[in-house]
Amino acid sequence: MNDTDMRALAQARATLEQPGFAAKLIEYAGTPVAFGSGFVPDKIKTQAMALAKTSLIKAVNVAVSTMSGKATTKTSNFTHKFAAAASGAVAGFAGFSALAAELPFTTGVILRSIADIARSQGEDLSQAETRLACLEVFALGSGNTDDPTRDLSYWAVRASLAKSMQNALGIMANSSVIDQTAPAVLAFISKIAARFGIVVGEKAAAQMVPILGAIGGATVNTLFMDHFQNLARAHFTIRRLERIYGTEVVKTAYTAQNPTA
């Protein structure tokens, strides 16, 4: 692997190994609130998981259906951040009910941005496998807390999704459209929602913390979008390098930089 690609891999690894969304909220707000699983009320966690799944199902085809599959190195990161911020500003901090109305739209915007980044890294959006890889991003980078599901490394997360992803691809044949009603696709989305729901719960809980609530829904949504844009850039950088060098070479180089991965 040449020096340029090694640097790209190191940057991707640094992004994927950094603390998760809650830590970014804490850093921004300057408060040492503990965003462990004990912080988010059980009721919010349960509702967040269900809402995460619903939002992903609604977004899965609509988000990328109008995007050109033509390769381009340009992305519209700012436009997508602005749309997410506007959604957060409109929803305000009216509690979980506001999140239930806002999250499906925001998830769609995030997924569209993820697809935009994927395309900039040479991915073909007309391919079903690429669209499912875009969904994978929602399962990445939760960060380390006392929740045992957070202990999975980047490669472990991909491995945990591999079989359900192949099952979903198996029923899609040559179609790029994802049938979100198919059991295999629902199983794949459910696995992703289990991890995405954790971050959604943190987002909801943040709206109940006075210091974080003061920064406004627009800012929380901007941080939310930024979090997944960074993960997408790292994920699709690694996939680009895999196409060049092969998965095992890339994985070996990644784990050599981070022996615990």
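**Helix α11, its partner α1, and the main core**

I'll start with helix α11, on the face turned away from its buried side: the exposed residues there are E248 and A256. Keep in mind that this is a predicted model.

Now the other side of α11. The helix runs over residues 247-257, and its buried residues include V250, A253 and Y254. Why do these three sit on the same side of α11? Because they cover an arc of only 100 degrees around the axis. The general background is that an α-helix has 3.6 residues a turn, so residues three or four places apart point the same way.

What does α11 pack against? Helix α1, residues 3-17, packs with α11 at an angle of about 60 degrees, and the two axes are 10 Å apart. The crossing of α1 past α11 is right-handed.

As for the residues involved, α1 brings M6, L9, A10, R13, L16 and E17. On the α11 side they meet V250, A253, Y254 and Q257. Sorted by class, that contact has seven nonpolar residues, one polar and two charged. V250, A253 and Y254, then, are buried and also take part in the contact with α1.

Next, the core. The largest nonpolar core has 65 residues. Which of them touch the most other members? Those are L132, L135, F138, F224, F228 and I238. Helix α10, residues 217-245, gives the most to this core, with eleven residues.

Take F228 as one example. Leaving out residues up to four places away in sequence, F228 touches I110, I114, V137, F138, F196 and V199. F138 in that list is also one of the residues touching the most other core members.

Note on methods. Residues numbered from 1 in each chain as written. Predicted model: local features only at pLDDT ≥ 70, side-chain atom pairs only at ≥ 80, totals over all residues. Heavy atoms only, no water. Buried < 20%, exposed > 50% of the residue type's maximum accessible area, 1.4 Å probe, protein only. Helix = DSSP H or I, 4+ residues; strand = E, 2+ residues; numbered from the N terminus. Arc of directions from axis to C-beta. Core = buried A, V, L, I, M, F, W, Y, C linked by side-chain atoms within 4.5 Å. Contact = heavy atoms within 4.5 Å. Axes fitted to C-alpha atoms, helices over the stretch in contact; angles between N-to-C directions. Left-handed = near helix turned anticlockwise from the far one by under 90°. Nonpolar A, V, L, I, M, F, W, Y, C, P; charged D, E, K, R; others polar.
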